[in-house]
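The following exercises practise reading a protein model step by step. Please study the sequence and the structure before attempting each task.

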Amino acid sequence: MTLRKLAPDQGVLPLCTEPAHHWGPTVPATTQSTTPSAPKRRKMTIEEALRWAIRDELPKRRADAPIRGPQCASDPVWRMVALGGRVDNWSREPGMPPAMGDPHPDAITIEAHLQVLSETLKRAAVGSAVCPLDLSPYPIQIELRGKANLEVMITAAIDATPSWLVTSAIRSRPEVGDGIAIEPVKSTNGKITLWRTMQVPCGQGEDGTPWFTSHDEVAVSKGDSRDTGLFCKLNYTRVGFEVVEEQLRYAYWHAALVYLVPALQYLTSIEVQPPKSPVAPWLEPAEEERAPLPNLRPRRHVERDRRVAGRRAAPMRASPVRTIDPRDWTPASERMA
């Protein structure tokens, strides 16, 4: 032990000069940064983000107003008489339990963006604002609408888009069926009704050309394959304007999802990604039904004549058909006893 002389106001401190003994492995020195790292955000599509906010977080808010009614007894029968009918969940408060906490701030942000977009689309439906959605990448088959007014169909689709944003987050997206569908007219017995065009003479012209009138009758006798006058009538189960309405509804809903993606890029816990739903499902090829793969496992041999161990096998039964050679037949008197 040696002493090191310091300044007069510092006194004397002991200084160890013996070499240090290392009794364990050497631990490298680590440095800790004082700069806080950004929290890692979850990657979610816009459909999943809306579902998370509307279905899982926003119901935690307990701002529902109580039922306004006369003060009555605590008996449920008196409550039903005073309020004019049975009240569901009258024994507990609405919403999720208080232990769930408040909604996430990102869910409140998503709700605010949805409300702004809904108000803009409602004004665009009545013509007081410009629709902010871009429908250029959606191949809508407008030529199928027939005589229907396209502006009226677009207005109805814009007006219903806010409702579909909430409905798709809770249940499912707007459905888009196939194209125009028809089916043959059937009779009461469930069979297809065949018709035949009948021509009835009704005079002749000035040059002697005969005139005919035609009408359709149900073909009682079907004839043979050479009867080319038979035909069946068709019913349209899906007309053209119904197909266009479904495509417009889906296109505006999908365009609203695409519009919300860049607006929700500044959330703290979620990284919103583009929608997973296809742009035009009515143009995608239908999925082919795949046949099940053959079973390549070897077939197990099942022994059906197995018997319990330690027992003798039962004797084989005699054949019900016996062959007797007439040459071996002898009378009963000559047979040996």
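Angles under 35 degrees count as roughly parallel, those over 145 as roughly antiparallel, those from 65 to 115 as roughly perpendicular, and the rest as oblique. Axes are lines fitted to C-alpha atoms, for helices over the stretch in contact, and the angles, from 0 to 180 degrees, are taken between N-to-C directions. The model is predicted: local features need pLDDT of at least 70 and side-chain atom pairs count only at pLDDT 80 or more, while totals for chains, interfaces and linings use all residues. Residues are numbered from 1 along each chain as its sequence is written, and side-chain values use heavy atoms, with hydrogens and water left out.

**Exercise 1. Overview**

Task: State how many helices and strands the protein has, and in which order the elements run.

Solution. Step 1: helices (H or I, at least four residues) and strands (E, at least two) are DSSP runs, numbered from the N terminus. Step 2: the protein has 5 helices and 9 strands. Step 3: starting at the N terminus, the order is β-β-β-α-α-α-α-β-β-β-β-β-α-β. Step 4: buried residues (under 20% relative accessible area; exposed is over 50%, partly exposed in between, with a 1.4 Å probe and protein chains only) make up 20% of the 337 residues. Step 5: contact means heavy atoms within 4.5 Å. Of the contacts between residues at least 6 apart in sequence, 71% join residues at least 24 apart.

**Exercise 2. Helices α1 and α3**

Task: Determine how α1 and α3 are oriented to each other, and which residues make the contact.

Solution. Step 1: two packed helices are described by the angle between their axes and the distance between the axes. Step 2: the axes of α1 (residues 46-57) and α3 (residues 105-125) come within 9 Å and cross at roughly 110 degrees. Step 3: α1 and α3 are therefore roughly perpendicular to each other. Step 4: α1 contributes Ala49, Leu50, Trp52, Ala53, Ile54 and Glu57 to the contact, and α3 contributes Asp106, Ala107, Ile110 and Leu114. Step 5: sorted by class (Ala, Val, Leu, Ile, Met, Phe, Trp, Tyr, Cys and Pro are nonpolar; Asp, Glu, Lys and Arg are charged; the others, Gly among them, are polar), the contact of α1 with α3 holds 8 nonpolar, no polar and 2 charged residues.

**Exercise 3. Helix α5 and its partners**

Task: Describe how α5 packs with α3 and with α1.

Solution. Step 1: α3 and α5 (residues 240-263) pack at an angle of about 135 degrees, their axes being 11 Å apart. Step 2: α3 and α5 are therefore oblique to each other. Step 3: His113, Leu114 and Leu117 of α3 meet Ala256, Tyr259, Leu260 and Ala263 of α5. This contact of α3 with α5 has 6 nonpolar, 1 polar and no charged residues. Step 4: α1 and α5 pack at about 80 degrees, with their axes 10 Å apart. This makes α1 roughly perpendicular to α5. Step 5: here Ile46, Glu47 and Leu50 of α1 make the contact with Leu257, Leu260 and Val261 of α5. The contact of α1 with α5 divides into 5 nonpolar, no polar and 1 charged residue.

**Exercise 4. The nonpolar core**

Task: Identify which element gives the most to the largest nonpolar core.

Solution. Step 1: a nonpolar core is a set of buried Ala, Val, Leu, Ile, Met, Phe, Trp, Tyr and Cys residues joined through side-chain atoms within 4.5 Å. Step 2: the largest one has 41 residues, and Ile46, Ile110, Leu133, Leu135 and Val272 have the most contacts inside it. Step 3: α1, α3, α4 (150-170), α5 and β9 (270-273) each give two or more residues to this core. Step 4: α5 gives the most, with 11 residues. Step 5: beyond its neighbours within four places in sequence, Val272 is in contact with Met44, Ile46, Ala49, Val261, Leu264, Gln265 and Leu267.

**Exercise 5. Three single residues**

Task: Decide whether Thr120, Thr161 and Glu111 are buried, partly exposed or exposed.

Solution. Step 1: Thr120 is found in α3 and is buried, with a relative accessible area of 18%. Not counting residues up to four places away in sequence, Thr120 touches Ala129, Val130 and Pro132. Step 2: Thr161, in α4, counts as buried at 2% relative accessibility. Leaving aside neighbours within four places in sequence, Thr161 is in contact with Leu121, Tyr252, Trp253 and Ala256. Step 3: Glu111 lies in α3 and counts as partly exposed at 26% relative accessibility. Glu111 and Leu58 are 53 residues apart in sequence and 8.3 Å apart in space, C-alpha to C-alpha.
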